[in-house]
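Subject: The structure to look through

Hi,

Here is the structure I promised to pass on to you. Please open it next to this message, and then read on for what was found in it.

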Amino acid sequence: MISSLISHPAFPLAIGSLFIFLFKEKANLISIGSILISLFILLFITNNVDYVYKSSLASINYFSYSKLAYLFCLVFLIMGLIGKLFSIYRDSYKEKAMVLMYISSAIFVLFSGDFLTLYVFWEIMAIASTMVIWSSNSDKSLSAGNRYLIMHLLGGLILLLGIIGLYIDTNNLQIRLLNLDTWYNWMILIGFLLNAGAPPFSQWIPDAYPEGSYSSTVFLSAYTTKTSVFILIVTFAGSHVLMLIGIYMIMYGIIYALLENDIRRILSYSIVNQVGFMIVGIGIGTELSINGTAAHAFSHIIYKGLLLMSAGSVIYMINKRKCTDVGGLYKTMPLTAICGIIGALAISAFPLTSGFISKSMIVDASIHEGMQLVWLMLLVGSAGVFLHAGIKFPWFVFFHRDKKIITTDPPIYMKYAMIAASAICIIIGVWPQLLYGLLPYPVDFIPYTGNHVVSQLHLLFFSALAFFISLKYLERTLTLTLDVDWLYRGKIKYIKLLIKYLFGMINKTENIFSFIGLRNKFTILEDYLLRQTTISTMLILILIIFTVSLVMNIS
Amino acid sequence: MNDRNKIIYTLILLINVTPYLYVFYNFKKVNFNIDSILGFYPIFGFLACISLIIIAKTIAVILKKGDTYYD
């Protein structure tokens with residue numbers, strides 16, 4: 001028991017987050033220190049041993065080592081370290097503690113060997129990330145966090161139903177490759193996909209992430225979606241339905257990002273787009289595509305962090321978050337501009353950057369399987385990434401119309417963080433063997449062939465040409481674009497009506513409750529639920545799901 | 001000449017240079033029938049981007065609302 005905790009890389013982070021509440025002034029020291037300890041444990045102590053707790057009902061495998069989990073854990077910790085360096089000036093110990101808790105629960109999920117452990121840390125991750133969003137302390141972040149939490153608790157509920165079904169049917173909770181032939185496996189898939197930002201629930205990413213503080217968005221972008229990508233690789237690799245979902249996500253991300261005005265929201269849409277590439281890779285399901293997906297997740301975490309750090313620096317220095325308010329910042333913030341451009345080149349898979357060596361694996365996997373339509377869609381996606389993130393983000397923020405904003409580059413540690421992330425993007429791009437050695441399957445893939453380089457350059461240059469030719473139509477306006485969340489945003493009044501109605505029914509049976517003396521307590525509960533939107537919504541949702549499952553006689 | 005035109009001319013210059021990379025790399029690998037067409041990647045990339053922008057603009061007609069729609 002003790003040895004399993006000592007060799008678990010998530011454990012120091014969990015302890016560290018508790019220590020921050022005790023020593024608030026030392027929050028930075030504790031966070032960076034505990035991440036370094038975790039990194040040390042991962043590199044030198046963690047070994048290929050499973051720790052299993054056996055009981056009469058099920059065996060709980062709370063630590064299960066795999067090469068894939070090692071890779072994801074490594075990049076989680078690297079990004080945690082860079083992000084912590086970036087957020088040194090952020091004056092909120094609560095955010096720092098919750099970020100540590102968030103990373104820790106994500107790593108617990110990576111190393112969990114059974115669905116029950118996974119589920120527990122899955123929910124902790126949802127709550128910790130909501131706290132990270134709320135820690136920005138604005139009204140908008142409060143309501144966005146509410147919607148985020150409801151969405152994730154709903155996903156968790158669906159996942160739990162699936163896990164219960166799996167346990168009842170097979171009496172085996174071990175995490176393993178599942179087939180989509182039973183209803184509970186579909187439930188598990190939906191629960192995982194919801195965290196990946198799959199349709200029709202993609203909008204929680206651009207809705208919630210940009211409402212975090214300038215530093216917390218960097219962390220938010222890295223963990224939830226990529227944990228979900230990890231678990232989908234382990235459980236649903238090769239399910240062809242994922243290719244359709246992934247392609248939809250790629251297109252959705254591009255089209256919505258083209259219409260968006262908020263800087264960080266553009267980057268959030270491009271998270272959906274990039275995760276779409278990974279989901280397609282999981283759907284193809286060959287060794288090459290799984291390697292590509294893992295590699296793409298690794299490089300994506302770093303360059304997305306870099307892009308959000310450069311956007312965060314802009315927000316930190318001038319406190320403006322809309323494309324229409326900024327422009328021409330390359331003169332006053334040269335380093336931020338250079339780092340932002342490196343990130344933008346990496347996300348659009350420009351040769352010599354990390355995106356190129358990972359995305360070409362997924363694209364090549366589709367060629368090897370002879371999937372022409374998927375391949376064409378991936379090409380459209382590759383061209384579109386350059387359009388919506390590769391050029392649009394740097395162009396509207398750092399160039400375009402000079403708004404004559406007087407400012408400077410951010411303080412020193414924020415610069416270090418951005419430089420470190422840019423360096424990783426380029427080092428991996430130039431020496432891909434560094435990353436290929438860590439992938440789950442042996443790699444015999446050469447990214448720098450004439451075919452790859454020339455075709456990619458052609459795609460990118462011509463999509464750049466398309467961008468500048470149609471620049472007039474891409475001019476940003478003060479608008480937002482409706483999404484599926486229109487169905488539930490601002491609809492809380494109906495939930496409140498429903499609660500009043502339900503409690504009205506309870507109050508009609510006055511005699512029983514007044515007899516036991518419970519009536520007063522129900523009035524207190526009603527008042528409480530009318531004030532707490534998240535809890536009341538979840539209660540209604542649980543009631544609905546419970547009723548549906550009873551009607552369908554699923555139990 | 002404004003910035004936008006400068007960039008467009010630079011890009012056209014770059015685009016004119018890239019075909020020579022074919023020569024250096026002995027670039028003759030064909031994946032599917034469709035990419036044996038000369039200039040498949042540039043044409044496809046360009047058309048893909050233009051059509052994405054057109055789709056986005058079409059969607060915007062219905063779904064675009066003012067900045068304070070939800071407030």
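**Salt bridges**

Searching the whole structure, over all chains, turns up eight salt bridges. Please keep in mind as you read that this is a predicted model.

Let's begin with Glu211(A), which pairs with Arg265(A) in a salt bridge whose closest N and O atoms are 2.9 Å apart. This pair links distant parts of the chain, with the two positions 54 residues apart: Glu211(A) is in the loop between helix H9 (204-208) and H10 of chain A, while Arg265(A) is in helix H12 (residues 263-284) of chain A. Are these two charged residues buried or exposed? Glu211(A) has a relative accessibility of 7%, so it counts as buried. Arg265(A) counts as buried too, because its value is 17% and the cut-off for buried is under 20%.

Another salt bridge joins Asp262(A) to Arg321(A), and here the closest N and O atoms are 2.7 Å apart. Again distant parts of the chain are linked, with the partners 59 residues apart: Asp262(A) is in the loop between helix H11 (241-258) and H12 of chain A, and Arg321(A) is in the loop between helix H13 (287-318) and helix H14 (334-347) of chain A. Asp262(A) is at 3% relative accessibility and therefore counts as buried. Arg321(A), on the other hand, has a relative accessible area of 25%, so it is partly exposed.

Next, have a look at Asp485(A) and Arg489(A), whose side chains meet in a salt bridge at 3.5 Å, N to O. Both Asp485(A) and Arg489(A) are buried. They also belong to one network, in which salt bridges that share partners join Arg147(A), Asp207(A), Asp485(A) and Arg489(A).

**Helix H10 and the domains of chain A**

How far apart should the ends of helix H10 of chain A be? The helix has 21 residues (216-236), and at 1.5 Å a residue they should span 30 Å; the end C-alpha atoms are 30 Å apart, so the two values agree. Even so, when you follow H10(A) along, you will find a kink of about 25° centred on Lys226(A). H10(A) is also mostly covered, as 20 of its 21 residues are buried. After this helix comes Gly238(A), which has a positive phi, near 90°.

For a wider view, the domain assignment of chain A gives three ranges: domain 1 (1-224), domain 2 (237-490) and domain 3 (495-554). Taken over C-alpha atoms, the centres of domain 2 and domain 3 of chain A are 46 Å apart.

**A pair to zoom in on: Ser354 and Cys425**

Ser354(A) is in helix H15 (residues 354-368) of chain A, and Cys425(A) is in helix H17 (residues 412-430) of chain A. Ser354(A) counts as buried because its relative accessibility is 1%. Cys425(A) is buried as well, with a relative accessible area of 1%.

Which residues does Ser354(A) touch, leaving aside its neighbours within four places in sequence? Its contacts are Ser299(A), Tyr303(A), Ala346(A), Cys425(A), Ile428(A) and Gly429(A). With its own neighbours within four places left aside, Cys425(A) is in contact with Ile302(A), Tyr303(A), Leu306(A), Ile342(A), Ala346(A), Thr353(A) and Ser354(A). Try finding Ile302(A) on screen: it is 123 residues from Cys425(A) along the chain, yet their C-alpha atoms are separated by 6.9 Å.

**Chain B and where it meets chain A**

Chain B has 71 residues, of which 28% count as buried. It contains three helices and one strand, and reading along the sequence gives the pattern α-α-α-β.

How many residues of chain B are in contact with chain A? There are 43 of them, and they are in contact with 50 residues of chain A. Between them the two chains bury about 4,600 Å², with 78% of that area on carbon and sulfur atoms. On the chain B side, Phe32(B), Tyr41(B) and Tyr70(B) lose the most area to chain A, together 16% of what that side buries. The count of salt bridges between chain B and chain A is zero.

Enjoy exploring, and write back with any questions.

Best wishes

How values were computed
Residues numbered from 1 in each chain as written. Chains lettered and ligands numbered in written order. Predicted model: local features only at pLDDT ≥ 70, side-chain atom pairs only at ≥ 80, totals over all residues. Heavy atoms only, no water. Helix = DSSP H or I, 4+ residues; strand = E, 2+ residues; numbered from the N terminus. Expected span 1.5 Å × (residues − 1). Bend = angle between axes of the 7 residues up to and from the residue. Buried < 20%, exposed > 50% of the residue type's maximum accessible area, 1.4 Å probe, protein only. Domains from an automatic or database assignment. Contact = heavy atoms within 4.5 Å. Buried area = accessible area lost by both parts, 1.4 Å probe. Salt bridge = Lys/Arg side-chain N within 4 Å of Asp/Glu carboxyl O.
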